[in-house]
Amino acid sequence: IRNERVRCSSHLSSTIFPDKLSKALNAYLFGIVILYFKGFISCKLAEENREKNYAEDYKSGEVFNLGTYEVTAEEISTFAEKYDPFPFHIDEKAAKETIFGGIISSGWLTALIWLRLMHKTFLNYETTLGSPGHEEMMWPNPVRAGDNLTGWLEIKESRISKSKPNLGFVRYTAKLLNQNEKEVFVTTSTIIVSTDPKAPKA
């Protein structure tokens, strides 16, 4: 469907702006169409993920796509200079002499990129009530400028609190993979989620 729409938009462009007009106008219109559909797909992804509202809705084994994020050299250096100023995060010459062979992202920036994706596509502000903590947090491979990271989340379990039946605990493992399908971040954690007020309580 997406390819069909792109072909239609290209035809529309050539119809509205014939060859006698600037090719830049055609390119501009085509770019606007591409941006529109990228935004549409992103919104649909967030909408599909956010349909899961209450603790009861999450089932063990469910997998969620958290979307993608491209890492820039500027944010790597800016973040590191303020929060994690190791030479291999901010100094190209010094970084080349380390085992990394060049500048890499701070692991904490990588973790925050994952958190950004969680906020954009998974966490529901009406029902998510924070987290009691992380069981693990690992960085199997370094992240570099230009890497395109894709987030995935798998539900491990969802249980209702016995003492506070209006609250549930959703345990999951989330990962970021780079464009080469290598894991760059893995965490297992739990979020506190409201239970369905309409569901019968034990």
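1. Cover over helix H3. In this predicted model, the buried residues of H3 lie under a cover that includes strand S1, helix H4 (87–90) and helix H6. Those buried residues are Glu75, Ile76, Phe79 and Ala80. They span an arc of only 120 degrees around the axis, so they sit on the same side of H3. On the other side, Glu74, Glu81 and Lys82 are exposed. H3 thus has a buried side and an exposed one, because its buried residues share one arc while Glu74, Glu81 and Lys82 lie opposite. A general rule helps here. An α-helix has 3.6 residues a turn, so residues three or four places apart point the same way.

2. Overall make-up. The protein has six helices and five strands. Read from the N terminus, the order is α-α-β-α-α-α-α-β-β-β-β. Of its 202 residues, 36% are buried. The accessible surface is about 12500 Å². Carbon and sulfur atoms hold 57% of that surface. Among contacts with a separation of 6 or more, 66% link residues 24 or more positions apart.

3. Helix H6. This helix covers residues 107–121. Does its length agree with what is expected, or disagree? At 1.5 Å a residue, its 15 residues should span 21 Å, and the end C-alpha atoms are 21 Å apart, so the two agree. Its buried residues are Gly107, Leu109, Thr110, Ala111, Ile113, Trp114, Leu117, Met118 and Thr121.

4. The main nonpolar core. Which residues have the most contacts inside the largest nonpolar core? They are Trp114, Met118, Phe122, Leu153, Ile155, Tyr172 and Leu176, in a core of 28 residues. At least two core residues come from each of S1 (63–70), H3 (73–83), H6, S3 (148–160), S4 (167–177) and S5 (183–194). H6 gives the largest share, six residues. As a general point, nonpolar side chains in soluble globular proteins tend to be buried together.

5. Tyr172, a core residue to inspect. Set aside its neighbours within four places in sequence. Tyr172 then contacts Trp114 and Met118. Its other partners are Leu153, Glu154, Ile155, Lys156, Thr187, Thr188, Ser189, Thr190 and Ile191.

6. Strand S4. Is S4 enclosed or open? Nine of its 11 residues are buried, so the rest of the structure largely encloses it. S4 pairs with S3 and runs antiparallel to it, through 10 bridges. Within that pairing, Ile160 stands opposite Gly168 in S4. S4 also runs antiparallel to S5, and 11 bridges join these two. Here Arg171 has Thr190 in S5 as its bridge partner.

7. The two hairpins. How many residues lie between S3 and S4 in their hairpin? There are six. S4 and S5 form a hairpin too, with five residues between them. In that turn, Glu181 has a positive phi of about 65 degrees.

8. Ser194, on strand S5. Ser194 belongs to S5. Is Ser194 buried or exposed? Its relative accessible area is 17%, and under 20% counts as buried, so Ser194 is buried. Beyond its neighbours within four places in sequence, Ser194 contacts Tyr54, Ala55, Thr127, Leu129 and Asn166.

Notes. Residues numbered from 1 in each chain as written. Predicted model: local features only at pLDDT ≥ 70, side-chain atom pairs only at ≥ 80, totals over all residues. Heavy atoms only, no water. Helix = DSSP H or I, 4+ residues; strand = E, 2+ residues; numbered from the N terminus. Expected span 1.5 Å × (residues − 1). Buried < 20%, exposed > 50% of the residue type's maximum accessible area, 1.4 Å probe, protein only. Core = buried A, V, L, I, M, F, W, Y, C linked by side-chain atoms within 4.5 Å. Contact = heavy atoms within 4.5 Å. Areas by Shrake-Rupley, 256 points an atom, 1.4 Å probe, with all protein chains shown as cover. Arc of directions from axis to C-beta. Pairing = 2+ DSSP bridges.
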